[in-house]
Amino acid sequence: MSSFPAIPAAFDRPRAGEVDVLVVAGEHSGDQHAAKLVAELRGAHPRLRIAAFGGPCLREAGAQLLFDMTGFSAVGIVEILAAYPFYRKLFDRVVAWTLQWKPRLVVLVDYPGLNLRLADRLRRGGLSRAGGGTTAVIQYVSPQLWAWKPKRRFTMARDLDSVGTLFPFEPSVYADTRLDARFVGHPFAEPTHESPLRYDPDGPVLLLPGSRPKPVRKIFPALIEAFARFRRTHPGRRALVLHTGGEVHAELYRLCAEYGDAAKGIDLRPVAEGAVGASAALVSSGTMSLTVALAGIPGAVVYRAHPLTWVVGRRLIAGRVDHLGIANILLQRAAWPEYLQSACEPGALADRLSLCIDNPAERVRATADAIELHATLAARSGSTPAEWAASFLGA
């Protein structure tokens with residue numbers, strides 16, 4: 001969105017006059033993750049007084065929502081610069097509220113661009129334990145330091161009491177710091193999690209080029225052409241592109257129109273319309289690639305970027321990770337083959353789709369890999385996000 005809501009001169013007082021836990025979640029995914037933590041925390045400790053800067057999921061989970069952080073965003077350099085005064089004012093007032101009401105625990109959820117700055121301000125303000133105060137400040141969802149900006153771990157160790165990681169290999173990233181880093185399980189591996197995807201041998205092929213306009217422009221043309229080639233030998237098959245609406249939907253629609261007959265059989269559908277069954281998938285690296293893998297859908301990870309971006313990016317992560325898809329990083333092998341940059345070309349992708357559809361062994365392999373992924377990502381006994389958070393309250 002390009003419009004921003006009015007920021008109140010002062011946020012509401014805590015309903016109970018005091019607050020035990022403050023949750024800060026700045027995006028839809030963070031709001032969802034935080035809501036699960038809060039619901040479990042309140043279930044085990046119903047007397048806890050919880051407030052949040054987050055979104056509707058946190059409100060539904062029982063937190064007092066002080067400001068909805070999920071209904072706006074700025075994407076692109078021009079928009080971000082124009083929105084700077086709004087974000088500066090919002091940040092300052094979040095800090096002021098927190099310093100005034102002194103929660104016993106602050107849970108920062110993902111959104112490191114804001115949350116790590118907030119941790120620094122709470123330390124410098126003398127509120128957090130790191131700054132000589134009594135408030136514990138913890139970060140739920142570690143930034144991907146194993147791929148980008150690894151030196152941030154030292155400022156995190158300075159400002160935070162603990163970080164709860166979603167991936168089991170992440171605590172080792174902090175091994176050379178004093179920071180208490182704990183694997184608390186991935187939300188997608190929780191028993192109550194309802195995946196938006198499932199395997200269906202008769203379902204459409206998923207074409208998932210990403211959730212932002214620029215990657216879509218780079219990746220989707222190759223997927224359109226790959227599906228057109230695949231359909232020559234599988235004429236009854238259709239493809240489905242899931243999207244989040246807005247600019248992404250407009251870009252997908254434009255490209256389908258531009259490619260004309262090559263885009264026949266491709267349908268566009270909002271993610272919000274519910275669960276989808278699919279027979280195979282070509283998916284851009286990112287969260288959705290993990291969702292596909294956990295659903296046991298065979299396919300491939302695809303990625304294209306501007307050549308300069310690609311070269312710089314590869315140099316930055318060189319020696320840290322061997323794969324781009326998170327499922328492959330977790331399994332330490334190319335379980336879902338990766339077609340990156342020049343390898344992301346229609347002929348190879350069409351051949352991969354054909355193999356996934358025609359060879360039952362691909363489905364068997366994808367199912368076994370999904371089972372292994374679930375076991376890898378499941379929280380260990382006594383180490384759920386809520387149990388981790390409660391440990392800083394003496395609850």
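Let me start with helix H5 (residues 152–159), whose buried residues are Arg153, Met156, Ala157 and Asp159, where buried means under 20% relative accessible area, exposed over 50%, and partly exposed in between, with a 1.4 Å probe and protein chains only. Helices (H or I, at least four residues) and strands (E, at least two) are DSSP runs, numbered from the N terminus. Those buried residues of H5 pack against helix H4 (112–124), strand S5 (136–140) and strand S6 (162–165), and contact here means heavy atoms within 4.5 Å.

A word on the basis of all this: the model is predicted, so that local features need pLDDT of at least 70 and side-chain atom pairs count only at pLDDT 80 or more, while totals for chains, interfaces and linings use all residues. Residues are numbered from 1 along each chain as its sequence is written, and side-chain values use heavy atoms, with hydrogens and water left out.

Staying with H4 for a moment, Arg121 has its place in that helix and is partly exposed, with a relative accessible area of 24%. Setting aside residues up to four places away in sequence, Arg121 touches Arg88, Phe91, Asp92 and Val95; of these, Phe91 is 30 residues away in sequence and 9.9 Å away in space, C-alpha to C-alpha.

Now to the aromatic rings. Rings of Phe, Tyr and Trp (its six-membered ring) pair if their centres lie within 6.5 Å, and planes under 30 degrees apart count as stacked, over 60 as edge-to-face and the rest as tilted. By this rule there are eleven aromatic pairs. In one of them, the rings of Phe53 and Trp97 have centres 6.0 Å apart and planes at 90°, so this pair is edge-to-face. Because Phe53 lies in strand S2 (residues 50–54) and Trp97 in helix H3 (residues 77–101), the pair ties together parts that are 44 residues apart in sequence. Phe53, at 0% relative accessibility, counts as buried, and Trp97 is buried too, at 2%. Trp97 also forms a pair with Trp101, and that pair is tilted, with 6.4 Å from centre to centre and 45° between the planes. Since Trp97 and Trp101 are four residues apart in helix H3, about one helical turn separates them; Trp101, at 17% relative accessibility, counts as buried. Ring pairs link Phe11, Phe53, Phe67, Trp97 and Trp101 into a cluster.

S2 brings us to its partner, strand S1 (residues 21–25), which is mostly covered, with five of its five residues buried. Val21, Val23 and Ala25 point one way from S1, Leu22 and Val24 point the other way, and all are buried. S1 and S2 pair in the parallel sense over four bridges, given that two strands pair if DSSP finds at least two bridges between them, and Val23 stands opposite Ala52 in S2.

What, then, is the order of the strands in the open sheet? Six strands form it in the order S11-S10-S9-S13-S14-S15, and the pairing is parallel. Strand S11 (266–270) and strand S15 (338–340) stand at the edges, each with a single partner strand, so one side of each is left without a neighbour in the sheet. Neighbouring strands are turned by 25° against each other on average, direction ignored; axes are lines fitted to C-alpha atoms, for helices over the stretch in contact, and angles run from 0 to 180 degrees between N-to-C directions. Within the sheet, four bridges join S9 to S13, and Leu207 has Leu282 in S13 as its bridge partner.

Two helices pack on this sheet. H7 touches strand S10 (239–243) and S11, its direction making about 170° with that of S11, whereas H8 touches S9, S13 and S14, its direction making about 160° with that of S13. Helix H8 (residues 287–294) is mostly covered, with six of its eight residues buried, and just after H8, Gly296 takes a positive phi of about 70°.

Finally, helix H6 (residues 213–233) and helix H7 (residues 246–259) pack at an angle of about 35°, with their axes 10 Å apart. Their contact includes Phe220 and Ile224 of H6 and Leu252 and Tyr259 of H7. The contact residues divide into ten nonpolar, no polar and five charged, where Ala, Val, Leu, Ile, Met, Phe, Trp, Tyr, Cys and Pro count as nonpolar, Asp, Glu, Lys and Arg as charged, and the others, Gly among them, as polar.
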